[in-house]
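Welcome! Please take a moment to look over the sequence and the fold, and then use the notes that follow as a guide.

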Amino acid sequence: MQIIDEKAMIGLGSQLAKAIIPGVILYLDGDLGAGKTTLVRGFLRALGHEGAVKSPTFTVVEPYMLENDILENNLIYNYNELEGEAKVEHTNVFQSSISKNSISQNSIFQNNIAQKIYHFDLYRLNDPEELEYLGIRDYLDGQAIALIEWPEKGYGVLPRADITIKITHLSQGRKVELLSQSDIGAAIVAKLISNDSPVEE
């Protein structure tokens with residue numbers, strides 16, 4: 001998809017927040033100035049955060065404790081119940097192999113509010129092992145949502161992403177790809193499509 005300006009990037013972050021569930025890990029892949037933090041700003045504002053959102057370049061991680069009906073009411077596909085009805089492959093938002101028609105109402109579940117959201121910026125990390133000293137395992141406890149800029153700096157220590165968001169500079173605007181890397185990630189991408197969000201090719 002092509003994102004033409006900052007407002008559109010914030011809108012994409014907002015739409016992503018409306019499909020997210022607890023425990024999801026998002027990698028944000030893009031050069032300096034690509035719009036990663038802008039997307040995070042839209043994500044957090046959609047979940048009720050009203051303050052400033054700055055990339056934690058020096059602190060490495062910025063925690064947010066939020067309560068929002070969006071997360072409480074999010075529905076996502078339960079892949080334990082699908083039993084192979086829809087095979088999920090690593091794919092982008094336009095190539096998801098999930099058939100919306102193959103997913104029944106019995107294949108979704110409701111989640112509790114996720115209060116913990118962590119925004120990481122690993123740009124200044126010299127060695128992935130520094131994440132161990134940071135206590136990365138305590139942050140990524142299976143309940144918190146994590147948005148991680150410069151994830152390649154944590155290679156070998158970070159857990160695998162559910163979705164990688166790849167942002168590339170264009171002559172006008174940005175190209176954004178959503179690459180699902182887990183069953184849950186693919187389900188979130190499919191939900192974005194099924195909800196008729198502005199995530200379009």
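In strand β10, V176 has I167 standing opposite it. That pair is a good way into this predicted model, and the points below start from the strands and then turn to two helices.

**Strands β9 and β10**
- Strand β9 covers residues 163-169, and seven bridges join it to β10 in an antiparallel arrangement.
- The two strands make a hairpin with four residues between them.
- Within that turn, G173 has a positive phi of about 85 degrees.
- In a regular strand, side chains alternate between the two faces of the sheet.

**Strands β1 and β10**
- β10, residues 174-180, also pairs with strand β1, residues 2-3.
- This pairing is antiparallel as well and has two bridges.
- Here I3 is found opposite R174 of β10.

**Helix α1**
- Helix α1 runs over residues 6-17, and its twelve residues should span 16 Å at 1.5 Å a residue; the end C-alpha atoms lie 17 Å apart, so the two values agree.
- At the start of α1, the backbone nitrogen of K7 has a side-chain oxygen of D5 within 3.3 Å.
- The buried residues of α1 include M9, L12 and G13, along with S14, Q15, L16 and A17.

**Helix α7**
- Helix α7 takes in residues 183-194, twelve in number, with an expected span of 16 Å at 1.5 Å a residue; its end C-alpha atoms are 16 Å apart, which agrees.
- Buried residues in α7 include G185, A186, A187 and I188, and also V189, A190, K191 and L192.

Conventions: Residues numbered from 1 in each chain as written. Predicted model: local features only at pLDDT ≥ 70, side-chain atom pairs only at ≥ 80, totals over all residues. Heavy atoms only, no water. Expected span 1.5 Å × (residues − 1). Buried < 20%, exposed > 50% of the residue type's maximum accessible area, 1.4 Å probe, protein only. Polar contact = N/O pair within 3.5 Å; in protein donor to acceptor, adjacent residues only side chain to side chain. Pairing = 2+ DSSP bridges.
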